[in-house]
Amino acid sequence: MTKLKDWLVAGGVLLVGRRRRERRPERQRIVAAGAPNRRAENVLLLLFFGVTLAAAAFIAVYALDRLSNQTQWLGLALGGSFCLLAAACFVIAKHLVVSEELAEPYPERESPAAQGEVEQIVHESGSRFTRKRLVTLAGSGALGALGLAALVPAASLGPVLDTDSLYTTPWRKGRRLVDEAGKPFVAGDVREQTFYTAYPEGGDRELIGAPLVVVRLPLEEITEPRRSWAPHGIVAYSKICTHAGCAIALYRTPTFAPTQPRPALVCPCHYSTFDPADAGKVIFGPAGRALPQLPLLVDREGELRAAGNFSGPVGPSWWGVRMGKARS
Amino acid sequence: MIRAAVRFIDQRSGTAPFIKKTLRYIFPDHWSFLLGEVALYCFMLLVATGVYLTFFFDDSVSQTTYHGPYKPLDGATMSHAYQSVLHISFSTKAGLLMRQTHHWAANVFVAAIALHLLRVFFTGAFRKPRDLTYLIGIGMLTLALLEGYLGYSLADDLLSGMGLAIGYSVAMSIPFVGANFATLIWGGPFPGSSSFWPRMFIAHVLIFPILIALLLTIHLVLVASRHHTQFKASKRETERQVVGVPAFPGQAPRSLGLMFAVFGVLFLLGGLVQINPIWLWGPYHVGDATNGAQPDWYLGWLIGALRLVPSWDFTVGSYTVVPNPFWGGVLFPTIVFGIVALWPFLERRVTGDVAFHNLLDRPRDNPWRTALGMALLTWVFLTFMAGSADRVDVLFGIPYSRQIWIYRVIVWVGPLVVGAIAKRVCEELLRGEQAHAVRRAAIAEARLIER
């Protein structure tokens, strides 16, 4: 009987105790407490309303056809909406949640025990091998070969070993020069202090060897032995800069202020400057070699034609650039 | 409801302890720690706007004739790629907003990474155990530069064509293998085969973003696992104890606010401030170029370097060992990135400091590092400025060639001067602090004696 009584009492105490614990009103806070801030809440509500309004405005502006400055309105609405949302977040951060400053230890710097175990596992796993170095060598050789094999198809991307095409240009002896509209150049119409762009008649204009700059200079200013390449003082050079492949689109001549001592061809990318009177030599800027010149001749109709190919390879330099010649 | 959601997640993933720890993760508080976050949010917006743009972009360079709402180009021969960008700009609702926001975000992205790098460098945050995190960051900066270049190259307007010609020439200029490498990437001599554009496109929208996202993930995991660095603001911050605001609720609304602010400002810029008006440049053809061409800002240092180098190819007989664009386009950035990437290891070797560092230096605390960092920064900055000499010529009438000669001198002298000044300033600041501390100690002592 006493045992039963004991059990009952114990059970009662447990029940009462449990119920009490369940009723315990407040858990200990994790996040620090702070006072409510109704004013900040009001501002927040206002900002949320603004976000909604701006988002609705974005949709409305998007839906409108024929609105002038639509891009600007769209940007204003969407950007404005995001900015208001950002402001809302900042109000929350500053006034509506507590900014606790907590401290805790930095994480463990290292775990030497685990490090040792990792090393041990790796070491012991290899204990059945007798010729470890040979196996490692053979294994890395095998993986290396397989890796190389997997890389080789990348060579299909382009002509890796064939750099011959870098020397070819669409120009050859007798090819007529035409302007952008396809009209041939009549030698008598080419004027001094003007800049012309020419292309090979019927050729692909998007080849780096195709475009030419054509300018006319007083014949006596052109240095020998290239004077014979310049009928009536008309000279033609590759329009592609030998430095970085941009088109030489500037012609510095005394026509324009500020006046400069002598005419020069200038690339607008890095301002390599070439002397059209002196075999296209570099007179300023980074280009490492002269502009390739195309010898010209005037045919019986008085039109300009190529008298051969360029004086050197066209376009930016590479390791082989001085070893070969421009060819058709 | 919160309880139900947490229980649902915990019962299926067992991550409640992890979530609890994450919510109370401590962020040390300093404005300069937010620069990396800005870069992260730019990246998110870049992905979002970029995905939108892919729905309209055509990666074909086959030629077509334009007949669209932009009348000045009516009848012009251009690639489908360029036409599709015109179409995005003029005929797609919100297209121009998305395109310009994308471009602005790219510019701010690289700027945020660069400033973040400067912050990390000058405060010594790169020291052990965060040197690996730092290297991954440098990797992301490199990828970001290439990714931006690919992005504005895809539009196939005149500027992008000129940029690609320069890129091709720089690739060609690599000693011994340049021509092979360039023709491999371009699929033939410039302007390359028709498959070059799809290659650039897939690199820009898939390969590079995935690489950046991957490095970004590793970067953030490493940051979190070693915790943030902190300045020594009081006695509580030590090498062993981190002090700051918990992720939730303290830091979360700040970071979210910053994210929305970044989005907001970028959309405002995208809507209100014109950037890269590709219709003004017109389509690219090999024989065309324009004056006053400037790349996006983050490539300014490279165009400056390409312009500053004097006319010099290094040749042996008729073999061209080093064509000119190599100096400014490959060697210069390799040196800069090399020094920046190897810095943690160089500094460790020179100072013999192999300890763990959780407390940040102020720039003055390490005069040598600050001086050398400022010198390198000046070197890059002056080169960057040299890239705008043509604009200065046009705007202020200072002859271009004279400016280049000046820059050729000051890019070497400037870093020495700035480095020396920086070192002196650091040392003086430290000396001032020491004097102040001594005086305070003396006053305190005097008070003690009086009592």
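How much area do domain 1 of chain B and domain 2 of chain B bury between them, and what share of it is on carbon and sulfur atoms? About 1,800 Å², with 72% of it on carbon and sulfur atoms; buried area here is the accessible area (1.4 Å probe) that two parts lose on being put together, summed over both.

A quick note before the views: this is a predicted model, where local features need pLDDT of at least 70 and side-chain atom pairs count only at pLDDT 80 or more, while totals for chains, interfaces and linings use all residues. Residues are numbered from 1 along each chain as its sequence is written, chains are lettered from A and ligands numbered from 1 in the order in which they are written, and side-chain values use heavy atoms, with hydrogens and water left out.

**View 1. Here are the two domains of chain B.** Domain 1 covers 24–235 + 243–282 + 297–361, and domain 2 covers 365–451; such bounds come from an automatic or database domain assignment. Their C-alpha centres sit 28 Å apart. Domain 1 of chain B brings 25 residues to the contact and domain 2 of chain B brings 22, where contact means heavy atoms within 4.5 Å.

**View 2. Zoom in on Arg307(B), which pairs up with Asp390(B).** Their side chains form a salt bridge at 3.1 Å, N to O (a side-chain nitrogen of Lys or Arg within 4 Å of a carboxyl oxygen of Asp or Glu). Across this domain interface the rule finds three salt bridges. On the domain 1 side, helix 5 (95–122), helix 12 (300–308) and helix 13 (325–351) of chain B each chip in at least two residues; helices (H or I, at least four residues) and strands (E, at least two) are DSSP runs, numbered from the N terminus. That side of domain 1 splits into 17 nonpolar, four polar and four charged residues. For the sorting, Ala, Val, Leu, Ile, Met, Phe, Trp, Tyr, Cys and Pro count as nonpolar, Asp, Glu, Lys and Arg as charged, and the others, Gly among them, as polar.

**View 3. Chain B meets chain A, with Lys93(B) reaching Asp65(A).** The side chains of Lys93(B) and Asp65(A) make a salt bridge at 2.9 Å, N to O, and the count between the two chains is four salt bridges. Helix 10 of chain B gives the most to its side of this interface, with 17 residues. In contact are 92 residues of chain B and 80 residues of chain A. Together the chains bury about 7,100 Å², and carbon and sulfur atoms give 63% of that. Arg24(B), Lys93(B) and Val286(B) supply 9% of the area chain B buries here, more than any other three residues.

**View 4. Two cis peptide bonds turn up in chain B, at Pro191(B) and at Pro249(B).** From Phe190(B) to Pro191(B), omega is near 5 degrees, and Pro191(B) lies in the loop between helix 8 (178–186) and helix 9 (196–226). Between Phe248(B) and Pro249(B), omega is about 5 degrees, but Pro249(B) is found in helix 10 (residues 247–272).

**View 5. His232(A) has a positive phi.** Its phi is about 60 degrees, although His232(A) is not a glycine. You'll find His232(A) in the loop between strand 4 (212–216) and strand 5 (234–238) of chain A.
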